[in-house]
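I opened the model to look up a few places in the fold. My notes follow in the order I worked.

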Amino acid sequence: MKLFKTVFLIVFLIPCLIFARQNSIDVKNVKVTCDLGDICNKYMKRFQGFAGKRTKKSEIQFILKLMHLDETIESFTHKFVTKEKFTDLYISIAFKKIIKEITFISNIDINYSPIKKMIPMVEGEWFDTNKLKETYEVIKGFYKDVGYKNIDLEHEVLTDTDNIQLVFRIKASGVVKVKGVDIIYEDSVPILKLETKFASLKGKVWDKLAFKVAINHFSKEIFNAGFFFSKVDLMPPKALDDTNIILRLKVFFGQKINIYLSGHTIFSRLELLDTIKKYLKSEADSFDQLEIKKLIERKYEEVGIYGTTIKTIKRHGRYKSKVQFNNYYLKVIEGKKRVMNVPLFSGNRSVPDKVLENSYFKNATTLAKNGFMDEKYLKYFMGTIKAEYLKRGFLFVKVSAAKELFQQDKKLYMMEYDIEEGHQVYINKLAVNNLPEILKDPVKKLFVNKQGQPFNVVNLQNDVKKLLHLLKERGHYFVKIKNLKKPSLVQYSKDNSGVDISIDLSDMKRAIFDGFTILGNVKTEDIVIKREIGLQKGESLTPKKVATLKNKIASLGLFSRVSVTPHIIDKESSLGPHQVNLFIQVKEADSRIFEIAPGYRTDIGIKLSAAYIVGNLSGMNRSFSIKAQTNQRLDLSNLDPERPTGKDKEFEYELNLNYIDPYIFGKSYSFNTTFSALRRRFYAFDANIFKFSAVTNKALGKFTSVSLKYQYEMIRQFSANDDQNNGNFRIGGLTPSIVFDLRDNKINPRKGMYFGLSLELANPWLASMDNEELEVNFLKFTSKNRFYIPIKNWVIAASLSIGYQKNLAGSMKLDSGEEFEHYIPNTKVFRLDGVDLVRGFEDSEINRLDSGLDISETKITGKAYFSNIKIEPRYYLDDNTVAGLFFDAGKLYVDKFRPLSLRTSVGVTYKVVTPVGTLNFDYGIKLERTAESGIKEGFGRFHISIGFF
């Protein structure tokens with residue numbers, strides 16, 4: 001037996017090895033020529049990996065074949081040149097260029113913006129010569145539609161390094177003008193003299209679009225005037241000569257219909273008329289009184305009003321102009337809502353009443369849930385009853401429409417469904433063919449349908465989906481079900497009492513990651529995408545891993561489109577797993593952005609901001625930005641009224657220079673440095689602040705990150721009512737922090753949790769000031785925590801934030817012998833503002849201590865604390881709008897922490913979700929109002945802000 005195996009291996013393997021040897025080549029040199037130097041070097045590096053290696057020719061050809069799919073490449077050719085034992089690979093590439101600008105030069109003055117929208121070539125897209133023919137046709141067609149018979153068209157391509165300017169030169173001649181308008185009235189008497197409507201077109205160049213707009217406008221006008229079955233048709237123009245035409249229009253008015261409504265209280269006259277008009281415009285070809293009655297009755301039934309009747313009176317006549325009219329007088333006698341119990345069921349032996357009743361309420365309409373009849377839902381519920389039976393194997397169940405039980409008292413309606421259950425079908429056999437032994441138990445547990453149990457036909461499709469998902473996530477990426485749409489999948493016994501389910505799997509070979517090919521990245525270096533891949537050669541490939549990779553690349557913000565497609569390298573091979581190459585195709589987005597944003601916020605007033613962002617520097621995803629903002633407060637109630645006057649209209653401003661490197665030194669550490677200069681108005685003083693900060697961040701896994709920040713600040717405080725608050729400060733601080741982010745979305749989270757801890761240390765050793773005036777030496781601990789609990793369309797959002805800071809500087813003796821206590825600079829003391837603001841309070845109200853002083857008027861020589869609690873049930877009206885209620889609580893404390901002593905408010909919120917956060921409209925009401933200097937606080941406050949917790 002051993003001898004037989006040895007002989008078999010020799011006989012079988014030696015030819016395979018010889019065949020493999022014959023299909024392999026020794027690549028000595030790879031030479032790439034292309035028309036763009038920098039990009040050519042990039043592709044040279046990409047293919048140099050083949051040089052000096054013995055590689056299967058089919059593998060090289062596979063990679064080269066993928067290059068033809070790169071939309072940035074105009075042409076791609078290659079050839080193998082073999083000399084003796086070695087092969088040289090020659091590659092030639094011509095790249096497409098980006099259309100930087102499309103310009104039109106013409107002998108006539110015309111608006112070109114419609115043409116730009118119509119042609120297939122788009123600024124910012126790749127220049128594709130194949131689209132030129134269609135572009136020519138669109139341009140010529142446009143000119144003909146605006147009255148030019150002869151169009152000479154040519155184009156010019158102006159090229160720079162990697163962009164082109166596309167110039168179309170157009171010479172239009174043979175102007176066609178409108179000599180007159182002929183209107184053919186199909187009615188015996190024209191109701192309106194339309195010639196006056198189109199008089200403005202006479203003598204002008206023929207503009208087909210303008211004429212169509214005029215016709216559409218007139219058609220709506222006569223329809224709204226009551227000529228519901230009028231027709232306005234444009235006929236081919238009549239040519240008088242080469243340069244003049246007569247426009248021709250055929251018009252039929254028909255009878256004028258006037259509708260008079262009375263008796264309606266639930267719907268307005270406008271609502272009912274709008275319903276009738278929509279029906280007449282889209283569905284009717286005549287005014288059918290019976291259909292109009294049914295239409296109104298259905299409209300009432302949609303809101304649960306039954307028994308509505310409509311009495312109609314028709315009056316026929318003619319106006320003095322001999323135009324016929326029909327007057328319809330519709331008197332609506334409104335019905336009532338019908339009170340209805342839960343429907344009754346008969347014939348249901350196998351499914352209890354309680355199960356069907358629960359199903360009735362599970363997806364019931366508002367009317368049905370509140371105990372009223374809803375005939376539309378009653379019809380829909382028939383399908384729900386059938387689904388309950390189908391889940392239990394009753395494949396031949398019949399459910400009749402709900403019928404009303406006879407009763408003399410019509411105050412309460414009783415409806416009943418008749419159910420014929422039929423016989424139950426059981427699963428005699430359930431087989432998944434070609435399934436590895438190791439997966440049989442997981443699949444068995446996965447299926448809702450099980451052998452010997454009733455056949456759940458409703459869940460069969462879901463079982464199949466779960467099976468494919470399981471297999472693909474176990475590495476069988478390309479698995480398919482051969483007989484998914486064939487009768488062999490489900491076969492019934494002769495008496496229909498049993499069923500055999502047989503699932504035939506194909507292509508169960510495992511998918512193994514072998515490598516990747518990146519295409520479309522003209523400016524972006526390969527390494528930027530490569531470092532996001534995170535897959536090892538030989539690792540199993542799954543849909544989840546592919547989707548994660550696509551999301552990671554897309555989240556870089558460099559590309560307007562990303563696709564990741566697995567390709568099998570050697571399809572002919574029958575041995576071993578599939579070797580898979582990931583084809584990563586990207587389309588680069590514009591890396592330079594300029595934006596300007598005027599706006600208003602309740603805390604800082606009117607504002608104007610501008611930003612210029614240069615992204616993807618050197619193709620390495622580094623970015624530099626300049627951002628500027630200025631604002632003027634319209635509400636000065638948040639400032640100390642005792643401050644010096646004369647500066648009420650003082651502007652605030654901020655200028656930021658920012659540089660980000662997401663992978664500093666090539667490692668997975670991000671780096672962010674910012675220089676900023678700003679003027680800010682605080683409660684007790686104004687301040688000019690210069691800041692420098694540098695932050696490095698490190699991800700410790702999917703959910704955890706740590707960061708270290710150094711910040712240097714120079715502050716000049718002025719315009720204070722107390723000279724002690726004027727002065728210069730220098731603060732150097734180090735802030736380590738850690739974040740646990742388990743949210744499903746950073747911008748608009750609907751579930752998950754967030755925990756953030758930070759500790760700021762400011763000390764003379766870190767360049768803080770230390771002189772005879774002040775020593776800056778403190779620590780500041782902050783904990784911010786968020787929680788999101790989804791409940792259907794609701795999300796219960798909650799926030800808990802606390803902070804503790806302590807002055808470490810102590811005190812010193814002055815020359816006078818007095819003892820001076822150092823303090824924490826006011827700009828570094830906790831304030832409840834921004835995301836920690838307690839809505840419903842002014843800034844000056846919530847930041848006031850029990851002593852009556854604003855915290856910025858108090859020197860913190862010891863300790864300070866803050867606490868902030870928010871609970872916000874949010875209801876998602878759709879993906880972009882949120883409404884909700886909120887409860888806010890918060891307080892500032894000095895020297896002693898009293899977490900149960902809080903200022904509280906409740907209110908309503910409305911949020912508009914944007915890609916960078918939310919625009920929030922909040923109104924908060926104080927639950928307890930206090931008085932300051934005998935003046936009671938306001939009832940509440942309206943807030944507009946951006947971003948939410």
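**Entry 1: a three-stranded sheet**

I started with an open sheet of three strands, ordered β5-β7-β6, with mixed pairing. The model is predicted, and I read it as such. β5 (98-106) and β6 (148-159) are the edge strands; each has a single partner strand, so one side of each lacks a neighbour in the sheet. I looked up the twist next: neighbouring strands are turned by 20° against each other on average, direction ignored.

I then followed β6 to its partner. β6 and β7 (residues 163-175) run antiparallel and are joined by 11 bridges. I picked out one pair: Thr159 has Ile164 in β7 as its bridge partner. Helix α5 (residues 132-145) packs on this sheet and touches β5, β6 and β7. I noted that the direction of α5 makes about 140° with that of β6.

**Entry 2: nonpolar cores**

Which residues touch the most other members of the largest nonpolar core? I found Val776 and Leu892, in a core of 31 residues. β32 (686-699), β34 (727-741) and β40 (863-876) each supply at least two residues of this core. Another core, of 25 residues, lies apart from it; Ile151, Ile164, Leu166 and Ala172 are among its members. Ile164 is also the bridge partner of Thr159 that I noted above.

I went back to Val776 for its contacts. Beyond four places in sequence, Val776 is in contact with Arg730, Ile731, Ala762, Asn763, Pro764, Ser768, Met769 and Pro825.

**Entry 3: helix α9**

I asked which residues of α9 (residues 353-362) are buried. They are Leu356, Ser359 and Tyr360. These residues cover an arc of only 105° around the axis, so they lie on the same side of α9. Lys354 and Lys362 are exposed on the other side. I checked what the buried residues of α9 pack against: β16 (344-346), α10 (366-369), α11 (375-390) and β19 (415-420).

**Entry 4: Asn868**

Asn868 lies in strand β40. Is Asn868 buried or exposed? I read 0% relative accessibility, so Asn868 counts as buried, the cut-off being under 20%. I looked for a polar partner: a polar atom of the Asn868 side chain lies 2.7 Å from the backbone oxygen of Asp836. Asp836 is also in the list of residues that Asn868 touches beyond four places in sequence, with Ser799, Leu800, Ser801, Leu832, Val838, Ala889 and Gly890.

**Entry 5: Lys911**

I found Lys911 in strand β42 (residues 903-914). Its relative accessibility is 1%, so Lys911 counts as buried. What joins the side chains of Lys911 and Glu872? I found a polar contact of 3.3 Å. Leaving out residues up to four places away in sequence, Lys911 touches a list including Arg839, Glu872, Arg874, Asn880, Asp922 and Phe948.

**Entry 6: Tyr823**

My last stop was a loop residue. Tyr823 sits in the loop between β39 (819-821) and α16 (843-846). Tyr823 is buried, with a relative accessible area of 8%. I compared two separations for Tyr823 and Gly862: 39 residues in sequence, and 7.6 Å in space, C-alpha to C-alpha. Beyond four places in sequence, Tyr823 touches Gln724, Phe729, Leu774, Glu775, Asn807, Lys859, Ile860 and Thr861.

Technical notes. Residues are numbered from 1 along each chain as its sequence is written. This is a predicted model: local features need pLDDT of at least 70, side-chain atom pairs count only at pLDDT 80 or more; totals for chains, interfaces and linings use all residues. Side-chain values use heavy atoms; hydrogens and water are left out. Two strands pair if DSSP finds at least two bridges between them. Helices (H or I, at least four residues) and strands (E, at least two) are DSSP runs, numbered from the N terminus. Axes are lines fitted to C-alpha atoms, for helices over the stretch in contact, and angles run from 0 to 180 degrees between N-to-C directions. Contact means heavy atoms within 4.5 Å. A nonpolar core is a set of buried Ala, Val, Leu, Ile, Met, Phe, Trp, Tyr and Cys residues joined through side-chain atoms within 4.5 Å. Buried means under 20% relative accessible area, exposed over 50%, partly exposed in between (1.4 Å probe, protein chains only). A polar contact is a pair of N or O atoms within 3.5 Å; within protein, one must be able to donate a hydrogen and the other to accept it, and residues adjacent in sequence count only if both atoms are side-chain atoms. The arc is that of the directions from the helix axis to the C-beta atoms.
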